[in-house]
Amino acid sequence: MAARVVQACGAAWAGGVLRRAAPCSLQPALRRLTSSNNRPREDSWLKSLFVRKVDPRKDAHSNLLAKKETSSLYKLQFHLWRYEGGYPALTEVMNKLRENQEFVEFRKARSNMLLSRKNQLLLEFSFWNEPIPRSGPNIYELRSYQLRPGTMIEWGNYWARAIRFRQDGNEAVGGFFSQIGQLYMVHHLWAYKDLQSREDIRNAAWHKHGWEELVYYTVPLIQEMESRIMIPLKTSPLQ
């Protein structure tokens, strides 16, 4: 499905939202990251003693960071799809679609409309909220981070603490990291009533003790960052 585009800067991108049966596109926009000049607090080493951290040497990053209880796999294809059951569920769906003549004809017609196409397979962070349908109206912000290789565990440890600063307005929808496609990619999905509430909620985080320190330490882990503002279609479970 097509989506209208709201462009802030750079090239437009077609986004999507969580969907179990049919894709739901959202309207997107781009914005470049600006870094913070805040200095680390002297008591940061003491606070780190009381935060659960992941030992990157004992297991694969995907096992250390992903939720164990859901076993869900997500597919970002300008839409966000959830496959409950992980890779076996994805394989089953793909096999059924290849045998569906109506879908085969749809793919042929769709190929005539596309200039490019990208897929990512994602897992959800264990410490993030699980995406669930919500009533609206809302706008959604998809913030995508290209991390430096080898920094995913460090990012996860910082955001396991940072997420508590962003729960007051129920704005945290979901957090994901890539397994197939462009690697070391992180996506955070947020919901807001409008752009003004987005600004108010984000500004309020800076008044909470500890938020600026987490920003200070996570910014150096990022190579690139994009922000997309998206508006759900009527068929989306995220309104």
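Which residues does phenylalanine 127 touch, not counting residues up to four places away in sequence? In this predicted model, phenylalanine 127 touches Gly156, Trp159, Ala160 and Ile163. Phenylalanine 127 itself lies in the loop between β5 and β6. For one of these partners, tryptophan 159, the C-alpha atom is 8.2 Å from that of phenylalanine 127, with the two positions 32 residues apart in sequence.

The next residue to consider is tryptophan 128, which is also placed in the loop between β5 (120-124) and β6 (139-147). Its relative accessibility is 3%, so tryptophan 128 counts as buried, the cut-off for that class being under 20%. Isoleucine 163 lies 35 residues from tryptophan 128 along the chain, and their C-alpha atoms are 7.3 Å apart. Isoleucine 163 is also among the residues touched by phenylalanine 127.

Some of these contacts lead to helix α5, which spans residues 152-162. Two packed helices are described by the angle between their axes and the distance between the axes. For α5 and helix α7 (residues 211-218), the axes come within 10 Å and cross at roughly 165 degrees. That angle makes α5 roughly antiparallel to α7, because angles over 145 degrees fall in that class. The crossing of the two helices is left-handed.

On the α5 side, the residues that meet α7 are Trp155, Tyr158, Trp159, Arg161 and Ala162. On the α7 side they are Trp211, Glu213, Leu214, Tyr217 and Thr218. Seven of the residues in this contact are nonpolar, one is polar and two are charged. Trp159 therefore appears in two settings: it meets α7 as part of α5, and it is touched by phenylalanine 127.

Which residue in the loop between α5 and β7 (172-180) is to be noted next? It is asparagine 170. Most residues other than glycine have a negative phi. Asparagine 170, although not a glycine, has a positive phi of about 55 degrees. With 46% relative accessibility, asparagine 170 counts as partly exposed.

Tyrosine 184 is another non-glycine residue with a positive phi, again about 55 degrees. Tyrosine 184 sits in the loop between β7 and β8 (185-192). The relative accessible area of tyrosine 184 is 25%, so this residue is partly exposed.

Is lysine 118 buried or exposed? Lysine 118 has 62% relative accessibility and therefore counts as exposed. Its place is in the loop between α4 (101-111) and β5. Glycine 181 is 63 residues away from lysine 118 along the chain, yet the two C-alpha atoms are separated by 7.8 Å.

These local features belong to a chain of 239 residues, of which 44% count as buried. The secondary structure comprises seven helices and nine strands. Of the contacts in the chain with a separation of 6 or more, 78% are between residues 24 or more positions apart. The pairing of phenylalanine 127 with tryptophan 159, at 32 residues apart in sequence, gives one example of such a separation.

The confidence of the prediction varies along the chain. The average pLDDT is 76, and 67% of the residues score at least 70. Over residues 1-52, pLDDT stays under 50. For that stretch the model has 132 contacts beyond four places in sequence.

Conventions
Residues are numbered from 1 along each chain as its sequence is written. This is a predicted model: local features need pLDDT of at least 70, side-chain atom pairs count only at pLDDT 80 or more; totals for chains, interfaces and linings use all residues. Side-chain values use heavy atoms; hydrogens and water are left out. Axes are lines fitted to C-alpha atoms, for helices over the stretch in contact, and angles run from 0 to 180 degrees between N-to-C directions. Helices (H or I, at least four residues) and strands (E, at least two) are DSSP runs, numbered from the N terminus. Angles under 35 degrees count as roughly parallel, over 145 as roughly antiparallel, 65 to 115 as roughly perpendicular and the rest as oblique. A crossing is left-handed if the near helix is turned anticlockwise from the far one by less than a right angle, and right-handed if clockwise. Contact means heavy atoms within 4.5 Å. Ala, Val, Leu, Ile, Met, Phe, Trp, Tyr, Cys and Pro count as nonpolar, Asp, Glu, Lys and Arg as charged, and the others, Gly among them, as polar. pLDDT is the predictor's confidence in each residue, from 0 to 100. Buried means under 20% relative accessible area, exposed over 50%, partly exposed in between (1.4 Å probe, protein chains only).
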